[in-house]
Amino acid sequence: MALNTIASVSRSAADANGNVYLTGSFTGTATFGSFSLTSAGDQDVFVAKWNPTTQSFLWAQRAGGAGYDAATTIAVWGNSIYIGGSFRSAPAAFGSLTVSNAGFLNTSDMFVAKLTDAGSSASFSWVQRAGGMGEDRGQALAVSGTGLYVTGVFEGSAVAFGSTSLSSNGISDIFIAKLTDAGTSAGFVWAQRMGGTSFDTPNAVVVNGADVYVAGSVTGTVTFNSVPQTGTPFGDSGGGGGNGGEGFVVKLTDGGTAGSYTWIQRARGQGYASVEVSALAVEGTNVYLGGRYFITGATGPSVTFGSITLSYPAGSSNFGDIFLAKILDAGATSSFIWAQQAQSQDSFNSINSLRVSGTSLYIAGSFSRLTGAFGNFGLSSAGGRDVFVAKLTDTGTAAGPGWAQRAGGPDDDVANDLALTGSSLQVVGLASAPASFGSQVLSHPLRNVPFGFMASLTDPTITAAAAAVEAEKLALYPNPARTTVQVAAATATTTLTLLDALGRPVRTATGSMLSVQGVAAGLYVVRAATPGQPARMARLVVE
């Protein structure tokens, strides 16, 4: 593992060339290789670019003001770097651009900002704020072309997202909003709310063509606009009036000028069991979710994922498991295919990041002890919470075993995110010295003071070889293509997906013809998924 100690890292993202972009927050002075940033107040935002080949930072930028400002999410498309989070400063500076908080003292507004990467430098192109008089935070971003999707939480009434106003139905609600990037400016296109009468939190958003998926947790009785709910009201865990929260995944369809809800799936516990979905990934029609569930008494022996039940020993207390589950998206409907857990005797376990590459599933987070059927990891921490990174394989009807690695020391350590670059996994998070990553040990002048880290873990199974074999099974013409491409053996029900070098969806279509008009020149992969048949792929050169 190659290590670099930096500020508190929240999230990371990789570009098609393998560069890794980090964002988070810092106070005082933070050093990124040869670059030093100094905060302007309580806490500032940072963005930095790391090149794994040269093992060096290429640039670092700060943003913020005199107040408490934090970045919690990042997304990359080409040379456009997008960050989101919250700020309390009035004003907060993003390069030469400024925005001011519109809320009460000590409440935050959300922001989305764009940087343009020039290789060895970067500059802010625009920044957008949204919010009202209460607490408003951006928590997750996803990007596809010029469409940018942000989700987070908001409080109060008349919370403005451009010309769209949303009002909370409880203590805090969830928003999902779309912005269009116009190059040197951006604007909100639509915004939707989700939530009920208590606390609701989104943790992840993924975009796949016109489909937008959001995952998180809710409490209280929740109505998702006009989407019908059956059985126990969504958010009420049942079991005799328990007050635990529920995990959810919701799909929206972006209609261009509006977003509409399509379906919702929920993970529900009994009694006082709480379920949180904290990580999300999409591969074709497969939707993967990861999270945790825990109880505070002996009243919740199981958690359900559709018709699938995960159980833990009756009579256990303060008990928590992490879980992985798979949903099949059938368009207007969906269903759980499998769900599996890693058991423990405490609730200090979490999955914070989930990435998918073909049938390989990579997860990262924190743990104090992990055992059970979920890969049979058998990991034990060195102290409080430790970092874990693990790989599993989707066999179709289950998550097959892979491998697991731990890192950390006697104090709390956590992995916040993963980025896949070539045959490596770039892991970022928080650690306390001394923290061991394989044979390497991170030190720090102050004990019990958390600091940011980035670690590189090599998985030799992440190669293009498997995809290359699969690629020969699908015929495309013309190839290279400029406007459209015809897919042989596709039917009227075949879903075609154009994937970039990072495996991100760029275009989708149904049938045998896929438009590549307006797509940037380069090397892509076309994936054809026909119901009842194995998915097939082929490389495509777009001129």
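This passage describes the fold, confidence, strand pairing, cores and some local backbone features of a predicted single-chain model.

The secondary structure of the predicted chain consists of one helix and 47 strands. Of the 543 residues, 56% are buried. Among contacts with a separation of 6 or more, 58% link residues that lie 24 or more positions apart. The accessible surface amounts to about 20000 Å², and carbon and sulfur atoms contribute 52% of that area.

Confidence is a helpful guide to reading what follows. The mean pLDDT of the chain is 85, and 84% of the residues reach at least 70. Two stretches call for some caution. Residues 237-242 stay under 50 in pLDDT, and the model gives them 14 contacts beyond four places in sequence. In residues 463-472 the pLDDT is likewise below 50, with nine contacts in the model beyond near neighbours in sequence.

A good place to begin the tour is the set of strands E9, E12 and E13. Strand E12 spans residues 109-117, and because eight of its nine residues are buried, E12 is largely enclosed by the rest of the structure. On one pairing, E12 runs antiparallel to E9 over eight bridges, with Ser 86 standing opposite Met 110 of E12. E12 is also joined by eight bridges to strand E13 (residues 122-130), again in the antiparallel sense. Here Met 110 faces Ala 130 of E13, so Met 110 has a bridge partner in each pairing, Ser 86 in one and Ala 130 in the other. Four residues separate E12 from E13 in their hairpin, where Gly 119 adopts a positive phi near 105°.Two serines in and after E9 show how this region meets its surroundings. Ser 80 is found in strand E9 itself and counts as buried, because its relative accessibility is 10%, under the 20% cut-off. Leaving aside neighbours within four places in sequence, Ser 80 touches Ala 75, Lys 114, Leu 115 and Asp 181. Ser 80 and Ala 122 are 42 residues apart in sequence, with a C-alpha to C-alpha distance of 9.6 Å. Ser 89 sits in the loop between strand E9 (80-87) and strand E10 (92-94), and with a relative accessible area of 2% Ser 89 is buried as well. The side chain of Ser 89 makes a polar contact of 2.7 Å with the side chain of Asp 69 and reaches the backbone nitrogen of Ala 66 at 3.3 Å. Beyond four places in sequence, the contacts of Ser 89 include Gly 64, Gly 65 and Gly 67, as well as Val 99, Ser 100 and Asn 101.

A second hairpin is formed by E20 and E21. Strand E20 (residues 200-208) is mostly covered, with seven of its nine residues buried. Eight bridges connect E20 to strand E21 (residues 211-218) in an antiparallel arrangement, and Val 207 has Val 212 of E21 as its bridge partner. Two residues lie between these strands, and Gly 209 in the turn has a positive phi of about 65°.

Attention now turns to the nonpolar interior. In soluble globular proteins, nonpolar side chains tend to be buried together. In this model the largest nonpolar core has 39 residues, and Phe 161, Leu 498 and Leu 540 have the most contacts inside it. A second, separate core of 23 residues includes Ala 267, Val 282, Phe 336 and Ala 339. Leaving aside neighbours within four places in sequence, Leu 540 is in contact with a set of residues that includes Leu 476, Pro 478, Asn 479, Leu 498, Val 516 and Tyr 524.

Several local backbone features complete the picture. Asn 479, one of the contacts of Leu 540, is joined to Pro 480 by a cis peptide bond with omega near 15°. Pro 480 is placed in the loop between strand E41 (476-477) and strand E42 (484-487). Another cis peptide bond links Ala 433 and Pro 434, with omega about -5°, and Pro 434 belongs to the loop between strand E37 (424-431) and strand E38 (435-437).

Positive phi values also occur in residues other than glycine. Ala 158 has a phi near 55° and lies in the loop between strand E15 (147-154) and strand E16 (159-161). Ala 489 has a positive phi of about 70° and is located in the loop between E42 and strand E43 (495-499). With a relative accessible area of 55%, Ala 489 is exposed, whereas Ser 89, at 2%, is buried.

How values were computed: Residues are numbered from 1 along each chain as its sequence is written. This is a predicted model: local features need pLDDT of at least 70, side-chain atom pairs count only at pLDDT 80 or more; totals for chains, interfaces and linings use all residues. Side-chain values use heavy atoms; hydrogens and water are left out. Buried means under 20% relative accessible area, exposed over 50%, partly exposed in between (1.4 Å probe, protein chains only). Contact means heavy atoms within 4.5 Å. Accessible areas come from the Shrake-Rupley method with a 1.4 Å probe; for residues, only the protein chains shown count as cover. A polar contact is a pair of N or O atoms within 3.5 Å; within protein, one must be able to donate a hydrogen and the other to accept it, and residues adjacent in sequence count only if both atoms are side-chain atoms. Two strands pair if DSSP finds at least two bridges between them. A nonpolar core is a set of buried Ala, Val, Leu, Ile, Met, Phe, Trp, Tyr and Cys residues joined through side-chain atoms within 4.5 Å. pLDDT is the predictor's confidence in each residue, from 0 to 100.
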